[in-house]
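Work through the exercises below with the sequence and the model side by side. Each task is followed by a solution in steps.

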Amino acid sequence: MICSFCSKHRQEVAVLIAGPGVLICNECISVCFVEMSKVMLRKTEPEKACGITRADRLDSRVGELQAENTELRLEIEHLLAERNE
Ligand SMILES: [Zn+2]
């Protein structure tokens, strides 16, 4: 009995699982699991595919808020100056 994917013999692996006409070993299952996890991660974080991460998005939002904050501070200073005239 050998793994249908990597051709390792039953004695070379810890587990060999039988499917209809095929066998798969624990090592190949691990490889499949890692690959599947990568695909699933890509599906749940589509922004990553186009190079924009969640961190990038948050950084850009922080930048926007800081700019708004500066504008507000300037407006407040202006209004206070006007009131004290
Ligand atoms: Zn295998």
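The exercises go from the whole chain to single residues, and the model they use is a predicted one.

**Exercise 1. Overall layout**

Task: State how many helices and strands the protein chain has, and decide whether the chain is a compact globule or more spread out.

Solution.
1. Count the elements: the protein chain holds three helices and two strands.
2. Put them in sequence order, which gives the pattern β-β-α-α-α.
3. Compare the radius of gyration with the globule rule: it is 29 Å, well over the 12 Å given for 85 residues, so the chain is more spread out than a compact globule.
4. Check the dimensions: the C-alpha trace spans about 95 × 20 × 15 Å along its principal axes.
5. Look at burial and contacts: 2% of the 85 residues count as buried. Of the contacts between residues at least 6 apart in sequence, 3% join residues at least 24 apart.

**Exercise 2. Domains and confidence**

Task: Find what distance separates the centres of domain 1 and domain 2, and name which element has the lowest mean pLDDT.

Solution.
1. Take the bounds from the domain assignment: domain 1 covers 1-44 and domain 2 covers 49-85.
2. Over C-alpha atoms, the centres of domain 1 and domain 2 lie 52 Å apart.
3. For the chain as a whole, the mean pLDDT is 86, with 93% of residues at 70 or more.
4. By element, helix α2 (residues 46-49) has the lowest mean, 57, while β2 has the highest, 96.

**Exercise 3. The hairpin**

Task: Describe how strands β1 and β2 are joined, and which residues stand opposite each other.

Solution.
1. Strand β1 is residues 16-19 and strand β2 is residues 22-25; they run antiparallel and are joined by four bridges.
2. Assign partners: Leu16 faces Cys25 in β2, and Ile17 faces Ile24 in β2.
3. Inspect the turn: two residues lie between the strands of this hairpin, and Gly21 in the turn has a positive phi of about 80°.
4. Look for another positive phi: Ser7 has one of about 65°, although Ser7 is not a glycine. Ser7 is placed in the segment before β1.

**Exercise 4. Two helices**

Task: Test whether the end-to-end distances of α1 and α3 agree or disagree with the spans expected at 1.5 Å a residue.

Solution.
1. Helix α1 (residues 26-44) has 19 residues and should span 27 Å at 1.5 Å a residue; its end C-alpha atoms are 26 Å apart, which agrees.
2. Helix α3 has 30 residues and reaches 43 Å from first C-alpha to last, close to the expected 44 Å.
3. Add the cover: the count of buried residues is zero among the 19 residues of α1, which is hardly covered. The count is also zero among the 30 residues of α3, likewise hardly covered.

**Exercise 5. Buried or exposed?**

Task: Classify Glu71 and Ser7 as buried or exposed from their C-beta neighbours inside 10 Å.

Solution.
1. Recall the cut-offs: 20 or more neighbours is buried, and 12 or fewer is exposed.
2. Locate Glu71: this residue is in helix α3 (residues 54-83).
3. Glu71 counts as exposed because it has 10 C-beta neighbours inside 10 Å.
4. Ser7 counts as exposed because it has 9 C-beta neighbours inside 10 Å.
5. As a distance check, Glu71 and Glu85 are 14 residues apart in sequence and 21 Å apart in space, C-alpha to C-alpha.

How values were computed:
Residues are numbered from 1 along each chain as its sequence is written. This is a predicted model: local features need pLDDT of at least 70, side-chain atom pairs count only at pLDDT 80 or more; totals for chains, interfaces and linings use all residues. Domain bounds come from an automatic or database domain assignment. Two strands pair if DSSP finds at least two bridges between them. The expected span of a helix is 1.5 Å times one less than its number of residues. pLDDT is the predictor's confidence in each residue, from 0 to 100. The radius of gyration is taken over C-alpha atoms; the globule rule is 2.2 Å times the number of residues to the power 0.38. Two residues are in contact if their C-beta atoms, placed from the backbone, lie within 7 Å.
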